[in-house]
2 protein chains.
Amino acid sequence: MSKPIVPKSTFMNLSEEKRSRILREAVREFADKGFQKASLNAIVARVGIAKGSLYQYFDNKEALFLFVFDRFTDLVKEVLAEAAAASLEADFFGQVRVAVQAGLAFIDRHPEYYEIYLKLLFEQAVPQREDLIGKVRLFSRDYFGPLCEEGRRQGQVRRDLPTEMVVFVLDAVLDRFLQGYAKSYLDSGLALAGKSRSELAAAVEAVIDILRDGLAPKQG
Amino acid sequence: MSKPIVPKSTFMNLSEEKRSRILREAVREFADKGFQKASLNAIVARVGIAKGSLYQYFDNKEALFLFVFDRFTDLVKEVLAEAAAASLEADFFGQVRVAVQAGLAFIDRHPEYYEIYLKLLFEQAVPQREDLIGKVRLFSRDYFGPLCEEGRRQGQVRRDLPTEMVVFVLDAVLDRFLQGYAKSYLDSGLALAGKSRSELAAAVEAVIDILRDGLAPKQG
DNA sequence: CACTATAATGACCACCTGGTCACATGGCAA
DNA sequence: TTGCCATGTGACCAGGTGGTCATTATAGTG
């Protein structure tokens, strides 16, 4: 277990309203600029507090960022738990479907947190970057790993494939689907962002169909 | 057709050796820091020229970056052409295999250029970012689009799938495979970076196998 | 009220950035 | 040698950064 990120006590003593205002503006700034280019000056200006105050709540920029990222992982955990609960009865590909929909819902609800994650993926010199990404990737493996094992046991997933390979392909397609939803230049022409809910659902079905049966035509 | 990026004439008059030294250090810096955080001071210091000189070769940071990125697209074009030439006789999945191997070879040969591309994906406020990414994505669609059409005509690809859908899945899996090769935290436990050439080839086969036949067991 | 502990403040610091420009340098022509 | 002009130079600029700290304001207690 990793230790929870806890800001200085002064921050926790603030009113809920002020705390969430600070969090909101910090999230916005990090989402907009990434860790490196995010400006503490911009944050305090928008929140309407002095820079010195921010430094009484957090030791430095890194601590603020880690706190924000910790909230992000909390939200991911939340959404994943919901997804798991909603798909208890579903079979393997049904659970994959629920996972995709959970991802889409996350982006709808928390686009700025998702943006922070995307920026983190390839930005350099972010404190503990690999750890942070690893934490999120671990969610995915904790979710898909057992799912694949179970799917294999139940005969819904081929037994001749190593589990990591299955997880890799699921990861690849699901992540790219979400990225394409958030960034249209990554959707390979699917125009995911502009789709209605039902069109989106159809696209999800098509992707899952390919995951299930592959690109080649069936042959007895 | 987009116009070629041409630096100021002073740069072209430089000796080949000096030009390539400048290019090399610029590539290194952009790969390391991304566009925003890349430091012209660092570049000129490493090249051993005055900052004013750099500004006689390029109008500004943006022009230098565009020049570097233009070299990147040249290299991609080169590798793709090689791949296309090497797979003239191959069937659909054979050509996919060649494309993956071409990508791996590119990363081996030009890791820093690939790094620049990855950073560009989610960095903000890079001049003409969407255009630049679009240019690279277009390569992919120009390569996979016709490939899919042909594969479908020849009966190697299911006819009930929209071409964009097929391209999307190919893109997703291939890109993630390359990203996992370059960044181990994205390989879902496959440990691609540490693999020998033959192990890597085996992993490629496994992925293509899934792309062809899917995750579900065959059933008559 | 006075006293105290805590919190809020913003001027200030050293450092770095992309970009400029007046000047120095060097090679070539007359 | 003299003049010329393209090229090379680095001190300099305004503006921004993360971070500090002496000072002020506030709230709670006796």
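Start by selecting Asp213(A), Lys218(A), Asp213(B), Lys218(B) and Gln219(B): of the 21 residues that line the largest pocket, these lie nearest its centre. The model is a predicted one. Fill the pocket in the viewer, and its volume should come to about 460 Å³. Next, colour the lining by residue class: it has 8 polar, 7 charged and 6 nonpolar residues. Then display helix α10 in both chains, residues 197-213 of chain A and 197-213 of chain B; each of these two helices supplies at least two residues of the lining.

**Next stop: DNA strand D**

Select DNA strand D and the 19 protein residues around it. Those that come nearest are Ala38(A), Ser39(A), Lys51(A), Tyr55(A) and Lys61(A). Taken by class, the surface near the strand holds 9 polar, 6 nonpolar and 4 charged residues.

Which helices should be shown here? In chain A, pick α3 (40-47) and α4 (51-57), and in chain B, α1 (9-13) and α4 (51-57); each supplies at least two residues of the surface near DNA strand D. The most comes from α4(B), which gives 5 residues.

Now turn to the strand's own atoms. Of those within 4 Å of the protein, 58% belong to sugar or phosphate, and the rest belong to bases.

Three individual distances can be drawn in turn:

- Ala38(A): a backbone N or O atom lies 2.6 Å from a phosphate oxygen of DNA strand D.
- Tyr57(B): an N or O atom in the side chain is 3.0 Å from a phosphate oxygen of DNA strand D.
- Gln56(B): a polar side-chain atom lies 3.2 Å from a base nitrogen of DNA strand D.

**Last stop: Arg137(B)**

Move to helix α8 of chain B, residues 129-153, and select Arg137(B) within it. Is this residue buried or exposed? Arg137(B) is buried, because its relative accessible area is 8%, and the limit for buried is under 20%.

Show the neighbours of Arg137(B), leaving out residues up to four places away in sequence. From chain A, Arg137(B) touches Arg176(A), Tyr185(A) and Leu186(A). From chain B, the residues touched are Tyr117(B), Asp171(B) and Asp175(B).

Which side chain makes a polar contact with the side chain of Arg137(B)? It is that of Asp175(B), at 3.0 Å. To finish, keep Arg137(B) and Asp175(B) in view and label that distance, 3.0 Å.

Notes. Residues numbered from 1 in each chain as written. Chains lettered and ligands numbered in written order. Predicted model: local features only at pLDDT ≥ 70, side-chain atom pairs only at ≥ 80, totals over all residues. Heavy atoms only, no water. Helix = DSSP H or I, 4+ residues; strand = E, 2+ residues; numbered from the N terminus. Buried < 20%, exposed > 50% of the residue type's maximum accessible area, 1.4 Å probe, protein only. Polar contact = N/O pair within 3.5 Å; in protein donor to acceptor, adjacent residues only side chain to side chain. Contact = heavy atoms within 4.5 Å. 1 Å grid on protein atoms, 1.4 Å probe; cavity = no way out; pocket = protein on both sides within 12 Å on 5 of 7 lines; lining within 4 Å. Points joined across faces, edges and corners; volume = space filled by probe spheres on them. Nonpolar A, V, L, I, M, F, W, Y, C, P; charged D, E, K, R; others polar. Near = heavy atom within 4 Å.
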